[in-house]
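The following note sets out numbered remarks on the model for a colleague's consideration. Each point takes up one residue, site or overall property.

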Amino acid sequence: MDSPINSQKTVSDDDEIDYSVKPEFYDSDLDDKDELWMISKRDGRPSDAVLSCPACFTTVCLECQRHEQYVTQYRAVFVVNCRVDKDTVLQEKGMPSKIGKRRRDSEMQETDSAESEKVNRVFCSACSTEIGVVDGEEIYHFFNVIPSEP
Ligand SMILES: [Zn+2]
């Protein structure tokens, strides 16, 4: 469209499908979803979903935010029907080797993540299914839950 090159090799371009341009219906669908997401944020609605235990369907969280990249993960501060295992402290993501390394590599990042390196496991208080973890800043990270519309 805005490229002068196109006019010079019209023949070859005619035969090829330009995969960089998405079909219209696909694009607009994405836009709609983005817009809804933005609206819900602007309205100050703090929750992306209601989370339930995958085993007994007990509601474990009413206000959460979906992880930006891992859409099956949710962060929350206020939870219900959760039991925190205070006795067992896990190293985040089960990668203890990175801790000593990171401390040297990026001192600045470490201040942010130092607290969250240690996490406690979180269980459904009704059936004791493990549903996530809580970090040192008391942010709950759910990865074994069933989301539903708030
Ligand atoms: Zn449960």
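**Remarks on the predicted model**

1. Val60 is a suitable starting point. This residue is buried, with a relative accessible area of 0%, and its place is in strand β2. The model is a predicted one, and the remarks below should be read accordingly.

2. The surroundings of Val60 draw on several parts of the sequence. When residues up to four places away are left out, Val60 touches Leu51, Ser52, Cys53, Val79, Val80, Asn81, Cys82, Ile131, Phe142 and Val145. Val80, one of these partners, is 20 residues from Val60 along the chain, yet the two C-alpha atoms are separated by 4.7 Å.

3. Val60 also belongs to the largest nonpolar core, which has 15 residues; Leu51, Val60 and Phe142 are those with the most contacts inside it. Two or more residues of this core come from each of β2 (59–61), β4 (74–76), β6 (118–124), β7 (130–135) and β8 (140–142). As general background, nonpolar side chains in soluble globular proteins tend to be buried together.

4. The zinc site deserves separate attention. Which protein atoms act as donors of the zinc ion? They are the SG atoms of Cys53, Cys56, Cys124 and Cys127, at 2.2 to 2.3 Å from the ion. The 4 donor atoms subtend angles of 104 to 112 degrees around the zinc ion, and the arrangement is therefore tetrahedral.

5. The donor residues of the zinc ion follow the spacing C-x2-C-x67-C-x2-C in sequence. Distant parts of the chain are linked in this way: Cys53 lies in the loop between β1 (50–52) and β2, whereas Cys124 lies in strand β6, 71 residues apart.

6. Are the donor residues buried or exposed? Cys53 and Cys124 are both buried. Cys56 is partly exposed, its relative accessible area being 30%, and Cys127 is likewise partly exposed, at 31%.

7. Cys127 is located in the loop between β6 and β7. Beyond its neighbours up to four places away in sequence, Cys127 touches Cys53, Ala55 and Cys56. For Cys127 and Cys56, a sequence separation of 71 residues goes with a C-alpha to C-alpha distance of 6.7 Å.

8. How many disulfides does the structure hold? The number is 0. Cys61 provides an instructive case: the closest cysteine sulfur to its own is that of Cys64, and at 4.7 Å this is too far for a bond, because a disulfide requires the two sulfur atoms to be within 2.5 Å. Cys61 counts as buried, with 0% relative accessibility.

9. Two backbone conformations merit a check. Phe57 is not a glycine, yet its phi is positive, at about 65 degrees; this residue is in the loop between β1 and β2. Phe57 counts as exposed, with 56% relative accessibility.

10. Asn81 is likewise not a glycine and has a positive phi, of about 55 degrees. The loop between β4 and β5 (82–91) contains Asn81. With a relative accessible area of 38%, Asn81 is partly exposed. Asn81 is also among the residues that Val60 contacts.

11. Thr72 is placed in the loop between β3 (65–66) and β4. At 53% relative accessibility this residue counts as exposed. Outside its neighbours within four places in sequence, Thr72 is in contact with Phe142 and Phe143. Thr72 and Pro147 are 75 residues apart in sequence, and their C-alpha atoms are 8.5 Å apart in space. Phe142, one of the contacts of Thr72, is also among the residues with the most contacts inside the largest nonpolar core.

12. Finally, the overall properties. The protein has 5 helices and 9 strands, and the pattern along the sequence reads α-α-α-β-β-β-β-β-α-α-β-β-β-β. Of its 150 residues, 25% count as buried. Among the contacts in the protein with a separation of 6 or more, 48% are between residues 24 or more positions apart. The exposed area of the protein is about 11100 Å², of which carbon and sulfur atoms supply 52%.

Note on methods. Residues numbered from 1 in each chain as written. Predicted model: local features only at pLDDT ≥ 70, side-chain atom pairs only at ≥ 80, totals over all residues. Heavy atoms only, no water. Buried < 20%, exposed > 50% of the residue type's maximum accessible area, 1.4 Å probe, protein only. Core = buried A, V, L, I, M, F, W, Y, C linked by side-chain atoms within 4.5 Å. Helix = DSSP H or I, 4+ residues; strand = E, 2+ residues; numbered from the N terminus. Contact = heavy atoms within 4.5 Å. Donors = N, O, S within 2.8 Å, 3.2 Å for Na, K, Ca; no water. Tetrahedral: all angles 85-135°; square planar, octahedral: opposite > 155°, others 65-115°. Areas by Shrake-Rupley, 256 points an atom, 1.4 Å probe, with all protein chains shown as cover.
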